[in-house]
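Biologist: Please take a close look at one peptide bond and its loop, and then place this part within the rest of the model. A formal, connected account would suit a computational chemist.

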Amino acid sequence: MRDVLDELVGWWQAGETVGVGTVVATWRSAPRPAGASMLVGPDGTAVGSVSGGCVEGAVYEEAKDVVETGVPTLERYGVSDDDAFAVGLTCGGILDVFVEQISRESFPELGEVAASVGRHEPVAVVTVVAGPDDRLGRRLVLWPDRAAGTLGSARLDDAVAADARGMLAAGRTALLHVGHDGERRGDDLTLFVNSFAPAARMVVFGAIDFAAAVARVGAFLGYRVTVCDARPVFATPKRFPEAHEVVVEWPHRYLSAEVEGGRIDERTVLCVLTHDPKFDVPLLEVALRTPVAFVGAMGSRRTHDERLDRLREAGLSDEEIGRLSSPIGLDLGARTPEETAVSIAAEIIAGRWGGTGERLAATDGPIHKGPPGPPPLAGSRRDPAAGP
């Protein structure tokens, strides 16, 4: 919806009712991702796209009907659909499109959502796209520290908010399936979580074998992963296939440029695996003075002690040095690069959600202090034969 938000808010502010089709799930070679939206304005104008031209005609007619009836619908378009060629979906993909009407009455929080998007503040819109008639189309709007709207009950709102905020923190837009009151094993309700936030970044410094494993687990956790090293012979995309980008540059120069460019924020995770003073000391001077979520550095106990001395000599305060997690990772007894990557990921997760790193069997109280990841995507109620 981000691409059409300005037009939508303009009609919304004018008190108009707009038909909106939003892609909520895709499989195979569907041309647009989840979250892509198309508007049908009060004057019949079509804005945006859900498929790059394949099914816009069918969605346009659905949107006009929904504006007339006020009843939202979830439609599936795919190669096994009898109407696939009639609507032009010949690419072999499958997509689910939720079609609804939006107005000041149906979506009073839209103005706040648009304002947050404009300020680059994370916000998620959770919509019931399949379920009982009394829940269909209901919305819950979530910010990291507050909520507005309701999905139908306080118990459901509380249960869903935990999962949806976890998705928002990772910048993930996807479906959730829950029970009538938010039970995680239920599937009475299908919810679309539209996250207006970029994926958090993980920057791994040092093109070593441990970095490849950390990049792999970072991408698995939903981070946008960058590997940076000053040595071009080691910093190659072939050695780091799971990284989203591989950069050849002196680490401290790269990080300084990213900070100055506004591409590092408070969700960013920095993993310093160089354990070489000429790289990691100037890098940590920048990192420890930047408001990021996590700064960790690899090395032995001896390397750690020497690193602290060098950082103090460089003028860093005890408070700044206190932000450094070194040696990086939790004590799992890890040996291999893959085991070490799990150890590092465990510390990042614990710091993100306030975990202790202790065995759950040795603790009491609630297990989930923060939301877990979402369940896998599933199909909608229409055309089950066209499922993934």
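Modeller: Pro327 is found in the loop between strand E16 (324-325) and helix H11 (337-353). In this predicted model, the peptide bond that leads from Ser326 to Pro327 is cis, with omega near -5 degrees. As a general background, most peptide bonds are trans.

The strand before this loop belongs to a sheet. Six strands make up this open sheet, in the order E13-E12-E11-E14-E15-E16, and their pairing is parallel. E16 is thus listed at one end of the order, and both E16 and strand E13 (245-248) are edge strands, each of which pairs on one side only. Inside the sheet, strand E11 (residues 201-205) and strand E12 (residues 224-229) run parallel and are joined by five bridges. In this pair, Arg201 stands opposite Arg224 in E12. Helix H7 (residues 251-260) packs on the sheet and touches E11, E12, E13 and strand E14 (269-272). The direction of H7 makes about 160 degrees with that of E11.

A second sheet has another kind of pairing. This open sheet has five strands in the order E3-E2-E1-E5-E4, and the pairing is antiparallel. Strand E3 (46-48) and strand E4 (73-77) are its edge strands, each pairing on one side only. From one strand to the next, the twist averages 20 degrees. E4 and strand E5 (residues 94-102) run antiparallel, with five bridges between them, and Leu74 stands opposite Phe98 in E5. Helix H2 (residues 56-69) packs on this sheet, where it touches strand E1 (18-27), strand E2 (37-40), E3, E4 and E5. The angle between the direction of H2 and that of E5 is about 30 degrees.

Phe98 leads on to the internal space of the model. Two cavities of 30 Å³ or more are found in a search of the whole structure. The largest cavity holds about 110 Å³ of space, and Phe98 is one of its lining residues, together with Met1, Thr22, Glu100, Phe107, Val125, Thr127, Arg139, Phe192, Asn194 and Phe196. Two or more lining residues come from each of E5, strand E6 (123-130) and strand E10 (189-196). E10 gives the most, with three residues. By class, this lining has six nonpolar, three polar and two charged residues.

The second largest cavity contains about 30 Å³ of space. Its lining consists of Ala159, Val160, Asp163, Val178, Gly182 and Arg184. Helix H5 (residues 154-170) supplies the largest share of this lining, three residues. By class, the lining residues are three nonpolar, one polar and two charged.

A helix pair completes the account. Helix H1 (residues 5-13) packs with helix H4 (residues 110-118) at an angle of about 145 degrees, and their axes lie 10 Å apart. The crossing of H1 and H4 is left-handed. On the H1 side, Leu5, Leu8, Val9 and Trp12 take part in the contact, meeting Leu110, Gly111, Ala114 and Val117 in H4. The residues of this contact are seven nonpolar and one polar, with no charged residues.

Notes:
Residues are numbered from 1 along each chain as its sequence is written. This is a predicted model: local features need pLDDT of at least 70, side-chain atom pairs count only at pLDDT 80 or more; totals for chains, interfaces and linings use all residues. Side-chain values use heavy atoms; hydrogens and water are left out. Two strands pair if DSSP finds at least two bridges between them. Helices (H or I, at least four residues) and strands (E, at least two) are DSSP runs, numbered from the N terminus. Axes are lines fitted to C-alpha atoms, for helices over the stretch in contact, and angles run from 0 to 180 degrees between N-to-C directions. Contact means heavy atoms within 4.5 Å. On a 1 Å grid over the protein atoms alone, a cavity is a set of points where a 1.4 Å probe fits but cannot get out, and a pocket is an open set with protein on both sides within 12 Å along at least five of seven lines; lining residues have an atom within 4 Å of a point. Grid points are joined across faces, edges and corners, and a volume is the space filled by probe spheres set on the points. Ala, Val, Leu, Ile, Met, Phe, Trp, Tyr, Cys and Pro count as nonpolar, Asp, Glu, Lys and Arg as charged, and the others, Gly among them, as polar. A crossing is left-handed if the near helix is turned anticlockwise from the far one by less than a right angle, and right-handed if clockwise.
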